[in-house]
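Please open the structure in your viewer and keep the sequence panel visible. This tour proposes one selection after another and states what is found at each.

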Amino acid sequence: MQEAGAPYELSTLPFPPREAARDYLEVNPIGTVPYVTDGDVVMNESAAVLEYIAAKFGAGVLGVGPDDPAFGSWLNWLHFGEAALAWPLALILRFSMFEPEDRRQPYVVAEYTRFFLERVALVDKTVAQQEFLCANRFTVADISVGYALFLSHRMGLGTQHPPAVAAYLKRLQARPAFQAARAKQRPQAKETITS
Ligand SMILES: N[C@@H](CCC(=O)N[C@@H](CS)C(=O)NCC(=O)O)C(=O)O
């Protein structure tokens, strides 16, 4: 929404909400984030939310249309971020940090770290040759993949990002909309963590 220059309201939650914010289950029974509403529309799949925002608020510049030769590549990267990159990170986080110590699983963490980094190598090949993932411009596919890279960086995996990926993530983080989104999250995140 920041990239689209559209207004939005943000609420952050302690994680995982199914344990730390039980009331949230009344809103989203599966307890996951993100959870997005727009009037009567309710969505909880990240790639679908990005496609929705691009189509509805992106004024044609955040998405790629079916007549564009980059359409297939755009859809692929848009889904790659969530369907290939983000879920191994969720497993790593869960079994290295969120489970009680006696249920942590170093083998799962090591295996899915390897798995994640193999997939990052595919991003590396692409961003070593071009500024953005597809269409020669920034799109919501860069948000999808960029989010997973950003999360992995925050988890301490940034030192294992190949150089072109590290440079790509830096480019994304320098974007004014990224900076503005972070500034909006920060005060709420502080409150959530200390409460
Ligand atoms: N496929 C969903 C995944 C949503 C999801 O599982 N989110 C994780 C965080 S990455 C979550 O909320 N987990 C909470 C839990 O495991 O209870 C998406 O596209 O966003």
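**First stop: a valine**

Select valine 145, which is buried at 0% relative accessibility; buried means under 20% relative accessible area, exposed over 50%, and partly exposed in between, with a 1.4 Å probe and protein chains only. The model is predicted, so local features need pLDDT of at least 70 and side-chain atom pairs count only at pLDDT 80 or more, whereas totals for chains, interfaces and linings use all residues. Residues are numbered from 1 along each chain as its sequence is written, and side-chain values use heavy atoms, with hydrogens and water left out.

Now display helix H6 (residues 140-157), where valine 145 is found. Helices (H or I, at least four residues) and strands (E, at least two) are DSSP runs numbered from the N terminus. Which residues does valine 145 touch, beyond those up to four places away in sequence? They are Trp77, Phe80, Gly81, Leu85, Val123, Leu133 and Tyr168, a contact being heavy atoms within 4.5 Å. Add proline 187 to the selection: its C-alpha lies 25 Å from that of valine 145, and the two are 42 residues apart in sequence.

**Second stop: charged pairs**

Side chains of opposite charge can pair when their charged atoms come close. The structure holds seven salt bridges, each a side-chain nitrogen of Lys or Arg within 4 Å of a carboxyl oxygen of Asp or Glu.

- Select aspartate 38 and lysine 56, whose closest N and O atoms are 2.9 Å apart in a salt bridge. Aspartate 38 belongs to strand S1 (residues 36-38) and lysine 56 to helix H3 (residues 46-57), so the pair ties together parts 18 residues apart in sequence.
- Select arginine 94 and glutamate 99, a salt bridge with closest N and O atoms 2.7 Å apart. Arginine 94 is partly exposed at 36% relative accessibility, whereas glutamate 99 is buried at 8%. Add Arg103 to see a network of salt bridges linking Arg94, Glu99 and Arg103.
- Select arginine 114 and glutamate 118, a salt bridge with closest N and O atoms 2.8 Å apart. Both lie in helix H5 (residues 106-127), four residues apart, about one turn of the helix.

**Last stop: the whole chain**

Finally, show the full chain, which contains eight helices and two strands. Its order along the sequence is α-α-β-β-α-α-α-α-α-α. Of its 195 residues, 36% count as buried. The C-alpha atoms fill a box of roughly 50 × 40 × 25 Å along the principal axes.
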